[in-house]
Amino acid sequence: MSVSSQNLGASNTRNQTASVETDRRMQVISLMIIAAMALPIILFPESAKTTINALFKWMTNSFDFAFLGIGLGALIFLLTLAFSRHGNIKLSADKNAEAEFSKGAWGAMVFLAGIASGLLLWGGTEWGYHYAWTPFGIEAKTTEMYTVAQGYGIFHWGPTAWALYCVPTIAISYIYYVRQKHIYKVSESCRGALGGLVDGPLGTIINYTFIFGVLGAAATSLGLGTPMISNALAEVLGVNAGIYMDMSVILICTAIFSVSSGLGLSQGIKRLSTFSTLLTLAIVAYVFVVGPTKFILGLGMDSLGYMVENYIKMSTWTDSVEKSGFPQAWTVFYWAWWVAYAPFMGMFVTRISRGRTIREVIFGMLVYGSAGCAIFYIVLGGYGINLQMEGILPMSELVNTKGVAVAIIELFKTLPASGLVLIALAASGIVLLATTFDSAAYVMACATTKELGEGQEPERSNRLFWCFAIAILPLTLMFLGGLKSMQTASVLVGLPVMVILVLMMITTSKYIKEDNA
């Protein structure tokens, strides 16, 4: 995974010769907004939790059709664009420019920024929830549900999720590279639909909504990944997992991504992503080889077949008659989560996509992302299902009574040389988490830079500022027990961001037609 030396040299030259100015006002206001959001959670944790959960239930039940619609609509929009003649448009002012990063390096950074350590956690455990709480009125805890549950997990981390990430990527990339508007503001990608309104209060609201979404996304990744890492370390060290172990994990992650962010995109994030990819894939490969390989492959084929056969049904099912609540608790929640993440992913992938065509970016995100997630679900999920079927470990019961963090550690403990596997799992989880935080800090630094030319990077002080700003809030909330509320609150951002995605699709279509009539 190497970067073109010529492009990297040119990038470094530009970085040294061009000045980059940080928007200090936006930094300060961002922190004020974050503090205002976090303060009620800190002061009134129980009331905040009750209120946020009620709002979340109202949102997923009232707008389930909208979230399902935006997911399917985004996928159709992107496929239509990719297969059209406009798919050949190169994301660069120089039509002969080569891609800044190799396909492997680009794919690793895209994949790891989007999934964090959550994929390791959910890949082996999500089926356990679906096995006990079923879709489409299927009887619970039957052999049929192993295939259905696995298929649903692959669906939740499949093409629709990556399409939601890809919409803002194409919108921001087109404006930045083709139209040469070198401003990293989400509002700018809505200008085609809103016109001059993006220069007023509405544009400001859009930009700060994005910032809260990034902080919430970071808190969500932290809330999912930290317990798994803590439990793995506690098992290896022979101590009890707890708040201090969790905080130690966060501080280690902060140190890693602060160093990486200080080094920059090519020397920091790229190398961290490469290491994360190799270590994580090594864990999955080990499970595949020492586990029931034939069963894993067979169930994987069955699950993929079920997912493909029922893709439209899964994408549109609200269960308005039976009202089981399954699609709202799972699919709508996932889509809201992906939507909240989407502008962050769009801005990050824009920064690393110079020189690629629209078609390459679309298919790269949809294929790399979906295939990578499917591999994790097929291998880890298949291994977990086999453990339950053989009576070795009651995985579904563990998931539903002890939680996913405990269940995934118990799964890895059944492997040969489990101690080494748990050490690798903890290391992988820490680096995966650090990679996501690193990407988030980088994007926040881009967003708080007044103008950023192609190949330029935000000021190092700005990047490091966001490294610590991103870590402080989750640390505080975790210590006070309010991180779960922050996670749920971040998903609530999905509602206004969903509207932003629609505006982005309108803007992209309008600009491409104007420029390529």
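These legends go with a few views of a predicted model of one protein chain.

**View 1. The whole chain is built with helices and no strands.**
Counting up the secondary structure gives 23 helices and 0 strands. The chain has 517 residues, and 62% of them count as buried. What about the outside? The chain exposes about 19200 Å², with carbon and sulfur atoms supplying 64% of that area.

**View 2. Contacts here often link residues far along the sequence from each other.**
Take the contacts between residues at least 6 apart in sequence: 84% of them join residues at least 24 apart.

**View 3. Here's the largest nonpolar core, a set of 166 residues.**
Which residues touch the most other members of this core? They are Trp122, Trp162, Met365 and Phe412. Helix 20, which covers residues 418-447, gives the most to this core, at 17 residues.

**View 4. Now for the empty space: the second largest cavity.**
Rolling a probe the size of a water molecule over the atoms shows where empty space is left. In this model the count comes to 3 cavities of 30 Å³ or more. The second largest has a volume of about 40 Å³.

**View 5. A closer look at what lines the second largest cavity.**
How many of the lining residues are nonpolar, polar and charged? The split is 4 nonpolar, 1 polar and 3 charged. If you want to find them in the structure, look for Ile172, Ile175, Tyr176, Lys181, Ile183, Lys185, Glu188 and Ser189.

Technical notes: Residues numbered from 1 in each chain as written. Predicted model: local features only at pLDDT ≥ 70, side-chain atom pairs only at ≥ 80, totals over all residues. Heavy atoms only, no water. Helix = DSSP H or I, 4+ residues; strand = E, 2+ residues; numbered from the N terminus. Buried < 20%, exposed > 50% of the residue type's maximum accessible area, 1.4 Å probe, protein only. Contact = heavy atoms within 4.5 Å. Areas by Shrake-Rupley, 256 points an atom, 1.4 Å probe, with all protein chains shown as cover. Core = buried A, V, L, I, M, F, W, Y, C linked by side-chain atoms within 4.5 Å. 1 Å grid on protein atoms, 1.4 Å probe; cavity = no way out; pocket = protein on both sides within 12 Å on 5 of 7 lines; lining within 4 Å. Points joined across faces, edges and corners; volume = space filled by probe spheres on them. Nonpolar A, V, L, I, M, F, W, Y, C, P; charged D, E, K, R; others polar.
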